[in-house]
Each structure stands twice: as structure tokens, then as C-alpha cells.
Amino acid sequence: MTVIIGIDPGSRRTGYGVIRLEGNRHVYLASGYLNLIAYSACERLRQIYLGLQQVTNTYQPHEAAIEQVFMHENPNSALKLGQARGAAIVAFTIPVEEYSARQVKKSVVGHGAANKKQVQFMVKRLLNLAGNLQPDAADALAVALCHAHARVLRKRGLI
């Protein structure tokens, strides 16, 4: 059994989602987000690092996956997102894979331009979850699912 943590990095909220692979099944373990709004810019990065280390210590993932930075219209926003990603990546001592937002959406929804509601719906469906799923947590779970799908394709030599 392999445990995967997916990360949706953000400078205001960083989502995380943890799944376990049991054969061809994806089993939900946990999800949530780190609310960083109340912290200064530098402290946010430290909180991402510490918060993800705490999640890692709890669930002991074997692999991590994170969404890549896409270019915003505002370069300052892209820089902040890149810093959040860096803080998240260094929180792990396990292999980390990167996926574009388009790859994640295509893997989970089947369409690379899917909207957030479609991603939330499919994540809930794929993991057999009821109730509401916070958007940042849903995106992080989608990253974890994308990585799980990519693992299968890599094993088969298809990517």
C-alpha cells in the first residue's frame, strides 16, 4: 500500500490531501488546508513548512505531488506562489512530483479546462465522499489522484 499526499500550494491557503492506494482503489485518508491569512509573508512560508511536516508525521506518505506554478497576469502573485511551493517541497523528505493544473484536471475530470466545481464533484465521486469538500482540499486531493494515475501509466511505460 502506497500513501500519497497531494499539495495545492497557495500563499493564503495551502491545501493538502492524503490518499492510500490499495490495488486499483484510491482510499481517502485526510484533507484540509493551512489557513495562512493571519500571518506575515515570511511567517506564511514557515507555517507551510511546519504544517506540512505535521501532516507528513501523522500520515507517513511515501510520495508527494504538487501543482506547478502557472504564470499569473501579476508577476508578484506568481512569485508568492513559487515561494509557497518551495516551502511545501522542502517540507518533504520523500520523492515529490510536479503536475500542471491542466494535467491534474485532465486526469481527474477528463478535460484540462475543467472548473473548480467539476474538480470537486469528480474528487468526491472518485473517493466516494459525501458532504462538502473545501476547494483547496479538493484541489490537493485531485493532485494526489493525478499522481496515482500517473504512477500506473509510468509502470506500464506509457509516460
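The paragraphs below walk through a predicted model, beginning with its first strand and ending with its salt bridges.

Because the model is predicted, local features are given only at pLDDT of at least 70 and side-chain atom pairs only at pLDDT 80 or more, whereas totals for chains, interfaces and linings use all residues. Residues are numbered from 1 along each chain as its sequence is written, and side-chain values use heavy atoms, with hydrogens and water left out.

Strand 1 covers residues 2-8, and 7 of its 7 residues are buried, so the strand is largely enclosed by the rest of the structure. Here buried means under 20% relative accessible area, exposed means over 50%, and partly exposed lies in between, with a 1.4 Å probe and protein chains only; helices (H or I, at least four residues) and strands (E, at least two) are DSSP runs numbered from the N terminus. Thr2, Ile4, Gly6 and Asp8 point one way from strand 1, while Val3, Ile5 and Ile7 point the other way, and all are buried.

Strand 1 pairs with strand 2 (residues 13-22) in the antiparallel sense over 7 bridges, where pairing requires that DSSP finds at least two bridges between two strands. These two strands form a hairpin with 4 residues between them, and Ile5 stands opposite Val18 in strand 2. Strand 1 is also joined to strand 4 by 4 bridges, the two running parallel, and in strand 4 the bridge partner of Ile5 is Ala64. Strand 4 (residues 63-67) also holds Glu63, which is buried at a relative accessible area of 16%. Leaving aside neighbours within four places in sequence, Glu63 is in contact (heavy atoms within 4.5 Å) with residues including Thr2, Val3, Ile4 and Ile5, and also with His147 and Arg151.

Helix 1 (residues 41-59) contains Gln47, which touches Leu34, Leu36 and Tyr39 when residues up to four places away in sequence are not counted. The side chains of Gln47 and Glu43 are joined by a polar contact of 2.7 Å, a term for a pair of N or O atoms within 3.5 Å in which, within protein, one must be able to donate a hydrogen and the other to accept it, residues adjacent in sequence counting only if both atoms are side-chain atoms. Glu43 also meets the side chain of Arg46 in a salt bridge (3.4 Å, N to O), that is, a side-chain nitrogen of Lys or Arg within 4 Å of a carboxyl oxygen of Asp or Glu. Arg46 and Glu43 both lie in helix 1, 3 residues apart, about one turn of the helix; Arg46 is partly exposed at 47% relative accessibility, and Glu43 is partly exposed at 22%.

A search of the whole structure finds 6 salt bridges. One of them brings together the side chains of Arg85 and Glu98 (2.2 Å, N to O), a pair that links distant parts of the chain, with Arg85 in helix 2 and Glu98 in strand 5, 13 residues apart. Arg85 is buried at 10% relative accessibility, whereas Glu98 is partly exposed at 38%. Another salt bridge is formed by Lys116 and Asp139, whose closest N and O atoms are 2.3 Å apart; Lys116 lies in helix 4 (residues 116-126) and Asp139 in helix 5 (residues 135-155), so the pair ties together parts that are 23 residues apart in sequence. Lys116 is partly exposed at 48%, while Asp139 is buried at 10%. Salt bridges that share partners also join Arg20, Glu22 and Arg25 into one network.
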